[in-house]
Amino acid sequence: MNRVVSGFGMTSQRTRARMIERLREQGIVDEDVLAAIAAVPRHVFVEEALASRAYEDTALPLGFSQTISQPYVVAKMIEALCAGGRPLGKTLEIGAGCGYQAAVLAQLTEQVYAVERIAPLLAKAKLNLRAIKQLKVRLKHADGRLGLPEAAPFDTIIVAAAALRVPPALLQQLAAGGRMILPLGAATQQLALIEKRGEDCVETRLDAVRFVPLLTGVE
Ligand code: SAH
């Protein structure tokens, strides 16, 4: 497969700049997060037939009944993890899908781990990240509800699929002072930011969202 990373009209700086302007209008203010999103060519991560829509602020189908996250939601989640100017540090993404969000995270920190339960999607993520020469993301085929014990603890964890409650393994693998963001709920979902402070966890509720469910096991 020959993935073209630049050269299309739709990938023009102007199209991408418009997406960043829309994110600002929607309330994203963290300049580092905006720059990270501007730096990742999203069209590389979507199916070629949908490439012309890559810079619209919408979720798009990835195959396997999964979707690539909406840029606003990616920005909002990462911004919440970085609030107060804190670095992402060692970060774990659950639900790598096609690798888009992992690529954005890799713009912001050196250590990115990403777990995906559907093997062919993980293979796609690998190809996509290679196509944009992003080699520092460490990908693993596994059930992300169990976290990634071999690389724990993590300063930040970002979950791209909705659970009814916080998976205990993820809470355990969060470093002291660490932050996790995840969608909670089923038919109605809301982003929850969880901060580990000593023995306590402080939970803050943010935007209403719509994610695919966090499933069990691998395929
Ligand atoms: N982060 C992706 C979004 C992928 S959609 C992006 O940047 O666009 C959510 C992904 O979570 C799907 O690929 C789905 O297969 C995956 N997923 C669901 N449950 C999971 C689990 N228990 N472990 C790992 N991945 C999971």
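The chain exposes about 10,100 Å², and carbon and sulfur atoms supply 54% of that area. The model described here is a predicted one. Buried residues account for 53% of the 219 residues in the chain.

**The chain as a whole**

The chain contains six helices and nine strands. Its radius of gyration is 16 Å, close to the 17 Å that the globule rule gives for 219 residues, so the chain is as compact as a globular protein of that length. Along the principal axes, the C-alpha atoms fill a box of roughly 50 × 40 × 35 Å.

How much of the contact pattern joins residues at least 24 apart? Among contacts between residues at least 6 apart in sequence, the share is 55%.

As for charge, the chain carries 26 positive and 22 negative side chains. The centres of these two sets lie 4 Å apart.

**Strands S3 and S4**

Strand S3 covers residues 91–94 and pairs with S4 in the parallel sense, over four bridges. One of the bridge partners can be named: Glu 93 is matched with Ala 114 in S4.

In a regular strand the side chains alternate between the two faces of the sheet. Are the faces of S3 covered or open? Both are covered. Thr 91 and Glu 93 are buried on one side, and Leu 92 and Ile 94 are buried on the other.

Strand S4, residues 112–116, is mostly covered, with five of its five residues buried. Both of its faces are covered as well. One side holds Val 112, Ala 114 and Glu 116, while Tyr 113 and Val 115 are on the other side. The bridge partners Glu 93 and Ala 114 are therefore both buried, as Glu 93 is under 20% relative accessible area and so is Ala 114.

**The loop between H2 and S1**

Helix H2 (31–39) and strand S1 (60–63) are joined by a loop that holds Tyr 55. Arg 42 lies in the loop between H2 and S1 too.

Is Arg 42 buried or exposed? Arg 42 counts as buried, because its relative accessibility is 0% and the cut-off for buried is under 20%. Not counting residues up to four places away in sequence, Arg 42 touches a list of residues that includes Arg 53, Ala 54, Tyr 55 and Glu 56. Also among them are Ile 68, Ser 69, Gln 70, Pro 71 and Tyr 100. Pro 168 lies 126 residues from Arg 42 along the chain, and the C-alpha atoms of the two are separated by 32 Å.

Tyr 55, one of the residues touched by Arg 42, is buried with a relative accessible area of 4%. Tyr 55 and Gln 70 are 15 residues apart in sequence, and their C-alpha atoms are 9.6 Å apart in space. Arg 42 touches both Tyr 55 and Gln 70.

**Ser 65 and Gln 66**

Ser 65 lies in the loop between S1 and S2, and Gln 66 lies in strand S2, residues 66–68. Ser 65 is exposed, whereas Gln 66 is buried. Leaving out residues up to four places away in sequence, Gln 66 touches Leu 60, Pro 61, Ile 118, Leu 121 and Val 212.

The table gives the relative accessible area of some residues discussed in this report.

| Residue | Relative accessible area | State |
|---|---|---|
| Arg 42 | 0% | buried |
| Tyr 55 | 4% | buried |
| Gln 66 | 17% | buried |
| Ser 65 | 68% | exposed |
| Lys 133 | 70% | exposed |

**Backbone features**

Most residues other than glycine have a negative phi, and most peptide bonds are trans. Ser 65 is not a glycine, yet its phi is positive, at about 60°. Lys 133 also has a positive phi of about 60° although it is not a glycine. Lys 133 sits in the loop between helix H5 (119–131) and S5.

Which peptide bond is cis? The bond from Ala 152 to Pro 153 is cis, with omega near 0°. Pro 153 belongs to the loop between strand S5 (137–141) and strand S6 (154–159).

Notes: Residues numbered from 1 in each chain as written. Predicted model: local features only at pLDDT ≥ 70, side-chain atom pairs only at ≥ 80, totals over all residues. Heavy atoms only, no water. Helix = DSSP H or I, 4+ residues; strand = E, 2+ residues; numbered from the N terminus. Rg over C-alpha atoms; globule rule 2.2 N^0.38 Å. Buried < 20%, exposed > 50% of the residue type's maximum accessible area, 1.4 Å probe, protein only. Contact = heavy atoms within 4.5 Å. Areas by Shrake-Rupley, 256 points an atom, 1.4 Å probe, with all protein chains shown as cover. Lys, Arg positive; Asp, Glu negative; His and termini not counted. Charge placed at Lys NZ, Arg CZ, Asp CG, Glu CD. Pairing = 2+ DSSP bridges.
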